[in-house]
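Trainee: Hello! I am new to this one, and I would love a close look at a single part of it. Please pick the part that carries the picture and walk me through it slowly.

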Amino acid sequence: MDEIHVMADWWKNKMNLLVSEKETAQAKLSLVEVQLRVAKEKADTRTQQKEDLQARLGSAIAERDALGKELQIMRSRLEATLTDADEMVAQYKADVEAAEARLKTTAEYVRRLSRREILEEIHARGFDLSI
């Protein structure tokens, strides 16, 4: 009977040990489940952040493309404006040269007319400059 009590005690200790190991395993499992849940939440957060960043990147690319098109339009307008400005400058230069030529001719005409009037006035007073 003592042998049976010893064996029963041995089996009780073995069962207590197994229960203890089971509880330890369950505690470890619970800890791993918590860590897994935290990791999933972090992964979900990072996935959301990735999607947000991809959306922002898409918007930035679309905005860059729109700005590129606008830049091309502005460049073509600038080229047209520069061409028009060059034509206007060339026309103004031609107009200035023509005006200078007319002014020079007019000045020469006025100078000669003034001389003629002076000579006629001198002649009218009775002076003969032909001598």
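**A close look at helix 1**

Mentor: Happy to! The protein has 1 helix and 0 strands, and the model you see is a predicted one. That makes helix 1 a natural place to look closely.

Helix 1 takes in residues 2-124, which is 123 residues. From its first C-alpha to its last it reaches 174 Å, close to the 183 Å expected at 1.5 Å a residue. To get a feel for this, pick out two residues, Arg-111 and Asn-16. They are 95 residues apart in sequence, and their C-alpha atoms are 136 Å apart in space. Just after helix 1 comes Gly-126, which has a positive phi of about 100°.

Now step back to see what this does to the overall outline. Along the principal axes, the C-alpha atoms of the protein fill a box of roughly 180 × 25 × 15 Å. The radius of gyration is 54 Å, whereas a compact globule of 131 residues would have one near 14 Å. What share of the 131 residues is buried? Buried residues make up 0% of them. The accessible surface comes to about 12,600 Å², and carbon and sulfur atoms account for 60% of that.

Let us begin our walk with Trp-10, which sits in helix 1. Together with Met-7 and Trp-11, Trp-10 makes a nonpolar surface patch of about 380 Å². Trp-11 is partly exposed, with a relative accessible area of 46%. The count of aromatic pairs in the model is 1. In that pair, the ring centres of Trp-10 and Trp-11 are 4.8 Å apart and the planes stand at 80°, so the arrangement is edge-to-face.

Next, the charged side chains. How many salt bridges does the structure hold? There are 5 salt bridges, and we can visit some of them. One joins Arg-64 to Asp-65, with the closest N and O atoms 3.2 Å apart. Of these two partners, Arg-64 counts as exposed at 56% relative accessibility, while Asp-65 is partly exposed at 38%.

Further along we come back to Arg-111, which also lies in helix 1. The side chain of Arg-111 meets that of Glu-108 in a salt bridge, 2.3 Å from N to O. Why do these two suit a helix? A general rule helps here: an α-helix has 3.6 residues a turn, so residues three or four places apart point the same way. Arg-111 and Glu-108 are 3 residues apart in helix 1, and therefore about one helical turn separates them. Both partners are partly exposed: Arg-111 has 40% relative accessibility and Glu-108 has 28%.

Our last stop is the salt bridge between Arg-125 and Glu-121, where the closest N and O atoms are 3.1 Å apart. Arg-125 counts as exposed, at 62% relative accessibility, whereas Glu-121 is partly exposed at 45%. Elsewhere, salt bridges that share partners link Glu-108, Arg-111 and Arg-112 into one network.

When you turn the model yourself, try following helix 1 from residue 2 to residue 124. On the way, look for the patch made by Met-7, Trp-10 and Trp-11, then the bridge between Arg-64 and Asp-65, and then the network that includes Arg-111.

Terms used
Residues numbered from 1 in each chain as written. Predicted model: local features only at pLDDT ≥ 70, side-chain atom pairs only at ≥ 80, totals over all residues. Heavy atoms only, no water. Helix = DSSP H or I, 4+ residues; strand = E, 2+ residues; numbered from the N terminus. Expected span 1.5 Å × (residues − 1). Patch = residues over 30% accessible without salt bridge, like charges linked within 9 Å, V, L, I, M, F, W, Y side chains within 5 Å. Areas by Shrake-Rupley, 256 points an atom, 1.4 Å probe, with all protein chains shown as cover. Salt bridge = Lys/Arg side-chain N within 4 Å of Asp/Glu carboxyl O. Phe/Tyr/Trp six-rings, centres within 6.5 Å; stacked < 30°, edge-to-face > 60°. Buried < 20%, exposed > 50% of the residue type's maximum accessible area, 1.4 Å probe, protein only. Rg over C-alpha atoms; globule rule 2.2 N^0.38 Å.
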